[in-house]
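Visitor: I'd like a quick walk through this model before I do anything with it. Can we go over it piece by piece?

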Amino acid sequence: MPPVPDLSEVFRAECDYVWNTFRRLGVRDADVKDLTQELFISLQRLLPTYDPSRPIRPWLFTMAYRMALRHNERRRREHLTDEIVDTPDSSEDLEKKVAASESRDLVLRALDFVELERRAVFVLADIDETPVPEIADQLGIPLNTAYSRLRLARQDFRSAVKRLTKEPRS
Amino acid sequence: MSDLEEERLDQLVSSLLEGERQRKGPSETQITDLWSAVERGLPPGAAPDGPDASPQEAPDVTTGTSRAIDTALRWKIGAVAVGSALIGGAGGAWVHAQVAATPQVVYVERPAQPVAMATPAATPTPVIPPPPPSSNEADAGRPSTTKRSSVPRGRPVPEVPSGSPDALLARERSLLDMGRTALARGDTSAALAAVAALEKEAPHGQLVEEREVLAVQTLVTANRTAEARRRAALFKMNYPSSPLLPVVEDAVSP
């Protein structure tokens with residue numbers, strides 16, 4: 001079995017990945033640094049439990065996903081709703097969402113229209129290229145649920161790209 | 001939307017995702033700042049060798065193993081030993097009593113491999129003699145920070161007043177480390193005794209989740225699978241957002 005890497009090795013190799021994962025999971029740019037820092041501090045404690053025979057990225061993603069979930073819930077409670085990750089439920093919300101996310105690039109803006117549970121599967125599958133059975137295992141969900149979320153997320157993402165590319169920019 | 005437009009949309013989505021896969025992360029300056037912040041946030045004595053002035057450099061694979069071992073050796077932990085009778089395999093109640101009793105202090109090497117997967121190793125060798133008898137109860141539950149070797153071994157452990165939150169946390173850490181060390185050498189009785197001591201001394205402590213992880217891993221190792229699964233289910237119910245949940249789930253997965 002390969003040795004467990006130490007924290008600095010993981011940081012060097014995966015800092016970019018963790019940073020981008022938080023952004024893809026809807027964490028505001030202003031909070032990405034804090035959450036990345038928090039994750040690596042937690043990792044110091046958790047690394048001894050990591051199985052080095054398995055890829056580290058899905059493991060890191062799961063940590064980031066749970067942190068993003070808590071972070072977004074906390075933000076929602078604090079009524080800081082400028083960039084929260086809920087799928088809009090009305091055309092008015094949709095318009096607000098489009099306006100609020102103009103400054104972000106198209107992928108991240110489109111991801112904002114995908115509900116977080118679906119988005120996690122989508123990011124792992126279609127960006128990180130993780131096999132769906134492994135995604136189901138990492139997220140602790142049934143395989144069929146993983147496939148279902150991926151299908152719906154792809155629809156949401158595609159619709160969002162379509163919508164955003166047709167919207168006039170302010 | 002026409003077929004042509006649909007096709008263009010498909011191409012756009014594909015190219016967007018491909019571009020996202022190539023996305024760069026933070027700048028080098030941000031990475032350097034970030035690592036400094038991570039180091040500052042680590043508990044005393046836990047800071048590993050960080051990335052040097054070039055944090056983006058590829059790890060030195062030729063020395064990776066030795067570095068990991070070296071780091072592990074420098075992360076000495078002050079663990080509380082349950083005494084030689086524990087090694088002899090005394091019964092659980094007796095062990096529990098010994099755990100709760102004034103401990104003998106030893107230093108053990110922290111395993112470089114994950115505790116849960118470590119090959120049972122030899123019993124840790126005490127490297128310092130037990131402290132002289134003391135009537136000061138504040139000293140009784142706290143591992144000594146005396147080191148036999150003059151080799152620097154990380155940041156010194158700060159003295160904390162007995163009964164303070166820091167003292168309780170230190171006690172929790174000691175018991176947890178003791179349990180993990182016991183599990184690493186295959187001594188599930190001692191590991192469960194440490195769990196029991198944690199439940200008794202710090203039922204609502206700061207390391208409750210870590211305690212439960214240790215309990216589940218130990219029960220699995222002891223082939224008490226049904227108990228492990230019950231405990232894992234409780235963990236999932238009580239801490240659904242815990243970053244340790246995947247560890248617990250891994251432990252009880254077939």
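Visitor: How many helices and strands does chain A have?
Guide: This is a predicted model, and in it the pattern of chain A along the sequence reads α-α-α-α-α-α-α-α. Counting it up, chain A comes to eight helices and zero strands.

Visitor: And which pattern does chain B follow along its sequence?
Guide: Chain B has strands in the mix: 11 helices and two strands. Put in sequence order, they give α-α-α-β-α-α-β-α-α-α-α-α-α.

Visitor: What percentage of each chain is buried?
Guide: Chain A has 170 residues, and 42% of them are buried. Chain B has 254 residues, and there the buried part is 31%.

Visitor: What about sequence separation: what percentage of the contacts in chain B join residues 24 or more positions apart?
Guide: Take contacts between residues at least 6 apart in sequence. In chain A, 72% of those join residues at least 24 apart. With a separation of 6 or more in chain B, residues 24 or more positions apart account for 62%.

Visitor: Which element supplies the largest share of the largest nonpolar core?
Guide: That core has 42 residues, and Phe22(A), Leu39(A), Ala64(A), Val121(A) and Phe157(A) touch the most other members. At least two residues each come from α1 (7-24), α2 (29-46), α3 (56-77), α5 (106-111), α6 (116-127), α7 and α8 of chain A, and also from α2 (28-41) of chain B. Nonpolar side chains tend to be buried together in soluble globular proteins. The largest share here, seven residues, is from α1(A).

Visitor: How many residues are in the other core?
Guide: It lies apart from the largest one, and its members include Leu176(B), Ala197(B), Ala232(B) and Val247(B). The number of residues in that core is 29.

Visitor: Phe157(A) caught my eye. Which residue of chain B is Phe157(A) in contact with, leaving aside neighbours within four places in sequence?
Guide: Within chain A, the contacts of Phe157(A) are Ala110(A), Leu111(A), Val114(A) and Phe122(A). From chain B, the contact is Val13(B).

Visitor: So how are α8(A) and α1(B) oriented: roughly parallel or roughly perpendicular?
Guide: Helix α8 (residues 143-166) of chain A packs on helix α1 (residues 3-21) of chain B with axes 10 Å apart, at an angle of about 105°. Angles from 65 to 115 degrees get one label, so α8(A) and α1(B) are roughly perpendicular.

Visitor: Which residues make that contact, and how many of them are charged?
Guide: On α8(A) they are Phe157(A), Arg158(A), Val161(A) and Lys162(A), and on α1(B) they are Leu9(B), Leu12(B), Val13(B) and Leu16(B). The split is six nonpolar and no polar, which leaves the charged ones at two.

Visitor: Staying on α8(A), is Arg154(A) buried or partly exposed?
Guide: Arg154(A) sits in helix α8 of chain A. Its C-alpha atom is 9.9 Å from that of Val121(A), 33 residues away along the chain. Buried would take 20 or more other C-beta atoms within 10 Å; Arg154(A) has 17, so the verdict is partly exposed.

Visitor: Over in chain B, how do α9(B) and α10(B) run: roughly parallel or roughly antiparallel?
Guide: Helix α9 (residues 208-221) of chain B meets helix α10 (residues 225-238) of chain B at an angle of about 160°, with axes 8 Å apart. An angle over 145 degrees settles the label, so α9(B) and α10(B) are roughly antiparallel.

Visitor: Is that crossing left-handed or right-handed, and how many charged residues are in the contact?
Guide: The crossing of α9(B) past α10(B) is left-handed. Glu212(B) and Val216(B) are among the contact residues of α9(B), with Arg231(B) and Phe235(B) among those of α10(B). The contact holds seven nonpolar residues and one polar, and its charged count is three.

Visitor: Which residue in the loop between α9 and α10 of chain B has a positive phi?
Guide: Most residues other than glycine have a negative phi. This residue isn't a glycine, yet its phi is about 60°. With 10 C-beta neighbours inside 10 Å, it counts as exposed. Its place is the loop between α9 and α10 of chain B, and its name is Asn223(B).

Definitions and conventions
Residues numbered from 1 in each chain as written. Chains lettered and ligands numbered in written order. Predicted model: local features only at pLDDT ≥ 70, side-chain atom pairs only at ≥ 80, totals over all residues. Axes fitted to C-alpha atoms, helices over the stretch in contact; angles between N-to-C directions. Helix = DSSP H or I, 4+ residues; strand = E, 2+ residues; numbered from the N terminus. Parallel < 35°, antiparallel > 145°, perpendicular 65-115°, else oblique. Left-handed = near helix turned anticlockwise from the far one by under 90°. Contact = placed C-beta atoms within 7 Å. Nonpolar A, V, L, I, M, F, W, Y, C, P; charged D, E, K, R; others polar. Buried ≥ 20, exposed ≤ 12 C-beta atoms within 10 Å, placed from the backbone. Core = buried A, V, L, I, M, F, W, Y, C linked by C-beta atoms within 7 Å.
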